[in-house]
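The following exercises concern the helix packing and residue environments of one protein chain. Each task is followed by a solution in steps.

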Amino acid sequence: MSEVSVAAALLCAGAAVWFSGARGSGARRARLLLAAPGGAVGTGPFEWRRLTGGARRLGVEWWSLAAGLALAVLGASVLPLVVGAAGVPLVRRVRVAREARRAREGRGDAVIGLCGLLAGEVRAGRQPGEALLCAARDCDGLGEAQSAVLAAARFGGDVPGALTGAARQPGADGLRGLAACWRVAVDQGAGLAAGLDRLEAALRAERDQRADLRAQLAGARSTAVMLAGLPVLGLLLGTALGSDPLHVLLHTGPGLGCLVIGGVLEGLGMWWAVRIVRGAEAK
C-alpha cells in the first residue's frame with residue numbers, strides 16, 4: 001500500500017510539474033507571437049483570449065487520468081489508473097465535438113448578421129458588390145472562406161460561387177440562400193434587400209427553433225448526468241458508513257465482476273441516452 005501511494009504521489013508531482021512547465025512555455029510563446037515590433041507584448045483581446053482559452057481547454061481531458069490516479073491511490077490498485085487513461089481520448093472526443101458545435105453555431109450567427117448588414121448597406125444606396133464588401137468586413141466568423149468572398153466582391157468575381165463554397169462549412173448553410181438571392185437580384189434586377197430580409201427572418205426562426213428544442217432537452221440531459229453520477233454517490237455513501245467499497249470492487253472476485261458488469265451497463269445507458277437526445281435534435 002505504501003509503495004503504491006509513494007509511486008502515485010511521485011507520478012502526480014511529475015505530471016503537475018510537466019503541465020505547469022508546458023503551460024508556462026505556451027504562455028511565453030503566445031506573448032512572443034503577440035509582441036509588437038518594438039518588443040511590447042500585444043494585448044489584442046480576441047487573440048489573447050483565444051490563446052489562453054485554448055491552453056485551458058487543452059488539459060480538460062487529463063482530469064480523467066487525474067481521477068483515475070486518485071482512485072488508484074485510494075484503492076491501492078492500478079486498474080482505476082488504466083481506466084482513467086482509457087477515458088482521456090473519450091473526453092477529448094467530447095470536447096472536440098462540443099467545440100465543433102460552438103463553431104457551427106457561431107458561423108450560423110455570422111451568416112444571419114451578414115444578411116442583416118448587407119440589407120442595410122443595400123438600402124443605404126451602395127451597389128451589391130460594394131455592399132457585400134463592407135458587410136463581410138464588418139461580419140467576422142465566416143471562417144476560412146471569408147477571404148474568398150471578400151476577393152470575389154472586391155474584384156468582381158463569381159460572388160455566388162464564392163458564397164456557395166463558403167456554405168460548405170458546417171453551420172454556414174444559409175450562405176446558399178444568400179447566393180440564390182444574389183443571382184436573382186443581379187441577373188434579373190429583383191430587390192436584393194427584400195430577399196435578404198426574408199432570408200434573415202427564416203434563418204433566425206430556424207435558429208430559435210433549435211435553441212427552443214435544446215432548452216426542452218436540457219432536462220433529459222440533466223437526468224442522464226445525474227443517473228450517471230449515482231454509482232459515485234453510492235461509493236461515497238459506502239465509505240461514509242464505514243465500509244471499504246473500493247477494496248471490495250478492486251480486490252475481490254465478486255467485486256470485480258460487479259465492477260465490470262456495472263461499467264458496461266453504465267456505458268450502454270449513457271450511449272443510449274445520448275443517442276435519444278441526438279435523434280431528437282436531428283428531427
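**Exercise 1. In which helix does proline 80 lie? Describe its surroundings.**

Proline 80 lies in helix α4. Helices here are DSSP runs of H or I with at least four residues, strands are E runs of at least two, and both are numbered from the N terminus. The model is a predicted one, in which local features need pLDDT of at least 70, side-chain atom pairs count only at pLDDT 80 or more, and totals for chains, interfaces and linings use all residues. Residues are numbered from 1 along each chain as its sequence is written, and side-chain values use heavy atoms, with hydrogens and water left out.

Step 1. The relative accessibility of proline 80 is 11%, so this residue counts as buried. Buried means under 20% relative accessible area, exposed over 50%, and partly exposed in between, with a 1.4 Å probe and protein chains only.

Step 2. Leaving aside residues up to four places away in sequence, proline 80 touches Gly68, Leu71, Ala72 and Leu250. Contact means heavy atoms within 4.5 Å.

Step 3. Serine 64 is 16 residues from proline 80 along the chain, and their C-alpha atoms are separated by 10.0 Å.

**Exercise 2. Characterise the chain as a whole.**

Step 1. The protein chain has eleven helices and zero strands.

Step 2. Of its 283 residues, 26% are buried.

Step 3. Among contacts with a separation of 6 or more, 53% are between residues 24 or more positions apart.

**Exercise 3. Classify valine 83, alanine 76 and leucine 227 by accessibility, and place each in the chain.**

Step 1. Valine 83 belongs to helix α4. Its relative accessibility is 53%, and valine 83 therefore counts as exposed. Leucine 69, 14 residues away in sequence, is 9.5 Å from valine 83, C-alpha to C-alpha.

Step 2. Alanine 76 is located in the loop between α3 (62-75) and α4. With a relative accessible area of 25%, alanine 76 is partly exposed. Its phi is near 55 degrees, a positive value in a residue other than glycine.

Step 3. Leucine 227 is in helix α9 (residues 192-240). Its relative accessible area of 47% makes leucine 227 partly exposed. Between leucine 227 and glutamate 266, 39 residues apart along the chain, the C-alpha separation is 9.1 Å.

**Exercise 4. Analyse the packing of α4 (residues 79-123) against α5 (residues 128-138).**

Step 1. The two axes come within 8 Å and cross at roughly 140 degrees. Axes are lines fitted to C-alpha atoms, for helices over the stretch in contact, and angles run from 0 to 180 degrees between N-to-C directions.

Step 2. α4 and α5 are therefore oblique to each other. Angles under 35 degrees count as roughly parallel, over 145 as roughly antiparallel, 65 to 115 as roughly perpendicular, and the rest as oblique.

Step 3. The contact is formed by Leu114, Leu117, Leu118, Glu121 and Val122 of α4 with Pro128, Ala131, Leu132, Cys134, Ala135, Ala136 and Asp138 of α5. These residues divide into ten nonpolar, no polar and two charged. Ala, Val, Leu, Ile, Met, Phe, Trp, Tyr, Cys and Pro count as nonpolar, Asp, Glu, Lys and Arg as charged, and the others, Gly among them, as polar.

Step 4. Glutamate 121, in α4, counts as buried at 18% relative accessibility. Beyond residues up to four places away in sequence, glutamate 121 touches Arg126, Ala131 and Cys134.

**Exercise 5. Analyse the packing of α5 with α6, and identify the buried residues of α6.**

Step 1. α5 and α6 pack at an angle of about 150 degrees, with their axes 8 Å apart. The two helices are therefore roughly antiparallel to each other.

Step 2. Gly129, Leu132, Leu133, Ala136 and Arg137 of α5 meet Gln146, Val149, Leu150, Ala153 and Arg154 of α6 in this contact. The division is six nonpolar, two polar and two charged.

Step 3. In α6 (residues 146-155), the buried residues are Gln146, Val149, Leu150, Ala152 and Ala153. Seen down the helix axis, they fall within an arc of 165 degrees and so line one face of α6; the arc is that of the directions from the helix axis to the C-beta atoms.

Step 4. The cover over these buried residues includes α5 and α7 (159-166). Just after α6, glycine 156 adopts a positive phi of about 70 degrees.
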